[in-house]
Amino acid sequence: MNAAMSAATGAADVTAPAVIRVVLADDSVLFREGLARVLADRGFAVVGQAGDADELMAAVRGQAPDVAVTDVRMPPTNSNEGLLAAQRIRAEHPGVGVLVLSHYVETRQAIRLLRDAPARVGYLLKDRVSDIAEFAEAVRRIAAGGSVIDAEVVAQLLRRRENDARAKLTAREQDILELMAQGRSNAAICARLYLSQKTVETHVGSIFTKLGLLPAADDHRRVLAVLTYLRGS
Amino acid sequence: MTRRRCWLTALGVVLVAWIVGAEWVSIHVGVPENHFIDAAVGLSFVLAGLVALDRRPGNATGVLMIAYAVSAYFGNWSNLNIAAVPMIGMIGAQPSGAFIAHAALAYPTGRLRTRFERFVIGLIYGVNAVVCVVILLAFDPRADGCTRCAWEPAPFPSRTAVLTSLSLSQRAAFLTVPLFFLAVWLRWRRSTPAERRDLIPLWIGFAVVGLVYLMDGFASPDTTADQFSYLMWELQSVLQISLPLIFLWGLLATRLARSAVGDLVVAMDRPLLPGELRAALAKALGDPLLRVLYALDDGDHWVDADGRPESPPRPGEGRRAKAVTVIDRAGGPLAALIHDPALDAGLVRAVAAAAGIRLENERLQADLRAQLDEVRASRQRIVEAGDRERRRVERNLHDGAQQRLATLVLSLAMLRDRDGVDPALAASIEATTSDLKQAIAELRELARGIHPAILTEEGLPAAVEALADRSAVPVQVRTDFEGRLSEPVEAVAYFVVAESIANVIKYAQARAARVELSRRDGVLLVEVSDDGVGGADVSHGSGLRGLADRVAAVRGTFGVQSPPGGGTLVRVEIPVPAER
């Protein structure tokens, strides 16, 4: 596991800034501080912390970070202000990527995020931070212009498609699809699953054929295409 | 002073001016008579009419007495030789006798009862109308000696035609007067002994009129002529003054109340629809604004007929002062009538007594409705409290346990990644983390079942789409609105869809399901349909039953169509106030 992770990290084919500047927003100070330490240990510069959406917007304006990591539900209404702030950041500060964390993942929210701005967005379950290396990698990919969608979203969508014979994917293909949704390149998927580049390309081709999609050039468009197709909208 | 009284006072001022002015005209043109007495006759009709209008608002007798006075004094005004005044005066004076006949025949209720009565009075008015038309077409004031009249002569000026029509109308009296008395006789014959007693003032009135006619031959208003004739004339005038007072006395006598009560008893002699009792009482009392409140808990609370709480006004409260008459029964208050203060208190009590058992029934129904409303409201409060509690639990889980566990996962990850950690310890941490993540996932599902976060965060359409996203059976969602609804409505609609989809997955063996959410005309329509085996039954299985109860709690309707083999359709309509 650890080996696979470091391999994945090493195989990152995107060009992230040398030091990635991050702003964190979460109403739990404990979680925020923990996350800040973890990211700092991994070489990120945590340039701002926020307890609600207003503070987050102020930090983004003031610090112009590479990535803003935000919780969905924050004061004062404890509703979806984090998500709305994420959408605003993407609209008003195109250079700032956002990673939305939540205790729940909803396909609809994921697709809305991606549709508004297919690049530089991430949407992950909060407990994904248990794999620090993976999490750091996700932030890095967003900083470099990629997109990251939680495997759970893909799993949900695939469950919906279970009855659809045409879209019946093999277990391996499903693994690859989930990794694709996480914004990984073919090379990263190879490293992750210990497969040859050739094998992965074959699987990807097969997935696209089964789903009736044209192969997409860049990784985040690929994510959006797959999600949109799976959701059937 | 009530608004009505203000109007009556204003009307009185105008009418007094009308009569005094008419008398002034008589003095001005030198009509030889005792002007004081002549004016007193008119004023007595006017005042009696006004009092009648005030005390018996729904009764036409007052109007007819006033109409008589107005009409009769047109005659005086016609002496004023200006413009069209003589002609208008002649026309206006024509129907005065008809008004008196009408008042007499309609006495004491002010209503004509039979077709024959209406025919006779219609005939008398008709004869007058013909004469008026002839005057309009043929009356030429200049030919009549009015040199100052600026009035253009009528289209067919003919003195003969006018005089002939006047004389013909007098001859018509040979027909109309017997018909009138025939109608009176028929009325007398049909009357019950009690009603006959009510007609006594009318007979006195007739006697007076007869006396006046008898004396007419002897009377003369000319003071310089025969002393006896003049005395007769004065006596005749005094009798005329007394005529409206006799009418008024009869009208205000409590016997009239009995006839109103009698009408009410007749109206009560069949089942009443809701609200009809109030209408019947209002009609009997002649107070269209009458309201009835019912006492609950010995008068601690008052409700209207629909069971809505309402307090009786305190005396003098509000823009229009109202009187409150509380009806007691068996020692406690039963109902309160809120009415015009001008109404006779005895009459109000008599009417309420006549309504008796009906008032009692209506009170029981109002009580029942009030209790039903209270039960409905409390059921709604219970369901809302339950939803609120679910939201609170979900929020506490989110802000508490879930957040703590996420932080814990992060701490364990930091611990594991620390330099120089014993591999055995790292493996143990790894295993713990894995268990912890499993716990987090289970907690997430639990919280979602209690109250889905997305419903709070993004509203009903988003939450329903999330349900569809998670469903094993493909679910197509169609929504025609985006906005937020009230929390109770969103919660009920959500659980309807959630439970219905769960049923589709568990029982329906369906290939596909559909959810439709639409808002129109203040109603949220939720439809969940599938193409499965059907045969679902609301009475069996607590799932559908529980849904029906929840929907009823927000005053919605719940229906299930599920013919065997024909799929299942769950259809719910919920009234929605305004967008949040």
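**Exercise 1. Salt bridges between and within chains**

A search of the whole structure, a predicted model, finds 34 salt bridges over all chains. Work out where the pair Glu457(B) and Arg73(A) sits, and classify both residues as buried or exposed.

*Solution.*
- Step 1: check the contact. The closest N and O atoms of Glu457(B) and Arg73(A) are 3.4 Å apart. The cut-off is 4 Å, so a pair at this distance qualifies as a salt bridge.
- Step 2: place the partners. Glu457(B) belongs to helix 16 (residues 453-458) of chain B, and Arg73(A) to the loop between strand 3 (67-71) and helix 4 (81-92) of chain A. The pair therefore crosses between chains.
- Step 3: classify. Buried means under 20% relative accessible area. Glu457(B) has 7%, so it is buried. Arg73(A) has 2%, so it is buried too.

**Exercise 2. Pairs within one helix**

Take the pairs Glu92(A)–Arg88(A) and Arg392(B)–Glu389(B). For each, find the N to O distance, the spacing in the helix and the exposure of the partners.

*Solution.*
- Step 1: the chain A pair. The side chains of Glu92(A) and Arg88(A) form a salt bridge at 3.2 Å, N to O. They are 4 residues apart in helix 4 of chain A, so about one helical turn separates them.
- Step 2: its exposure. Glu92(A) has a relative accessible area of 42% and is partly exposed. Arg88(A), at 39%, is also partly exposed.
- Step 3: the chain B pair. Arg392(B) and Glu389(B) meet in a salt bridge at 2.7 Å, N to O. Both lie in helix 14 (residues 345-417) of chain B, 3 residues apart, about one turn.
- Step 4: its exposure. Arg392(B) is partly exposed at 41%. Glu389(B) is partly exposed at 38%.

**Exercise 3. Helix packing in chain B**

How are helices 2 and 3 of chain B oriented to each other, and how are helices 3 and 6?

*Solution.*
- Step 1: helices 2 and 3. The axes of helix 2 (residues 35-55) and helix 3 (residues 61-72) of chain B come within 7 Å and cross at roughly 160 degrees. Angles over 145 degrees count as roughly antiparallel, so these two helices of chain B are roughly antiparallel. The crossing of helix 2 and helix 3 of chain B is left-handed.
- Step 2: helices 3 and 6. The axes of helix 3 and helix 6 (residues 96-106) of chain B come within 8 Å and cross at roughly 165 degrees. Helix 3 and helix 6 of chain B are therefore roughly antiparallel. Helix 3 of chain B passes helix 6 of chain B in a left-handed crossing.

**Exercise 4. Backbone exceptions**

Most residues other than glycine have a negative phi, and most peptide bonds are trans. Locate Tyr194(A), Arg555(B) and Pro76(A), and describe the backbone at each.

*Solution.*
- Step 1: Tyr194(A). Its phi is positive, about 55 degrees, although it is not a glycine. Tyr194(A) is in the loop between helix 9 (186-193) and helix 10 (197-211) of chain A. At 60% relative accessibility, Tyr194(A) is exposed.
- Step 2: Arg555(B). This non-glycine residue has a positive phi of about 60 degrees. Arg555(B) lies in the loop between helix 19 (542-553) and strand 8 (557-561) of chain B. Arg555(B) is partly exposed at 44%.
- Step 3: Pro76(A). A cis peptide bond joins Pro75(A) and Pro76(A), with omega about 5 degrees. Pro76(A) is in the loop between strand 3 and helix 4 of chain A.

Key
Residues are numbered from 1 along each chain as its sequence is written. Chains are lettered from A and ligands numbered from 1 in the order in which they are written. This is a predicted model: local features need pLDDT of at least 70, side-chain atom pairs count only at pLDDT 80 or more; totals for chains, interfaces and linings use all residues. Side-chain values use heavy atoms; hydrogens and water are left out. Axes are lines fitted to C-alpha atoms, for helices over the stretch in contact, and angles run from 0 to 180 degrees between N-to-C directions. Angles under 35 degrees count as roughly parallel, over 145 as roughly antiparallel, 65 to 115 as roughly perpendicular and the rest as oblique. A crossing is left-handed if the near helix is turned anticlockwise from the far one by less than a right angle, and right-handed if clockwise. Buried means under 20% relative accessible area, exposed over 50%, partly exposed in between (1.4 Å probe, protein chains only).
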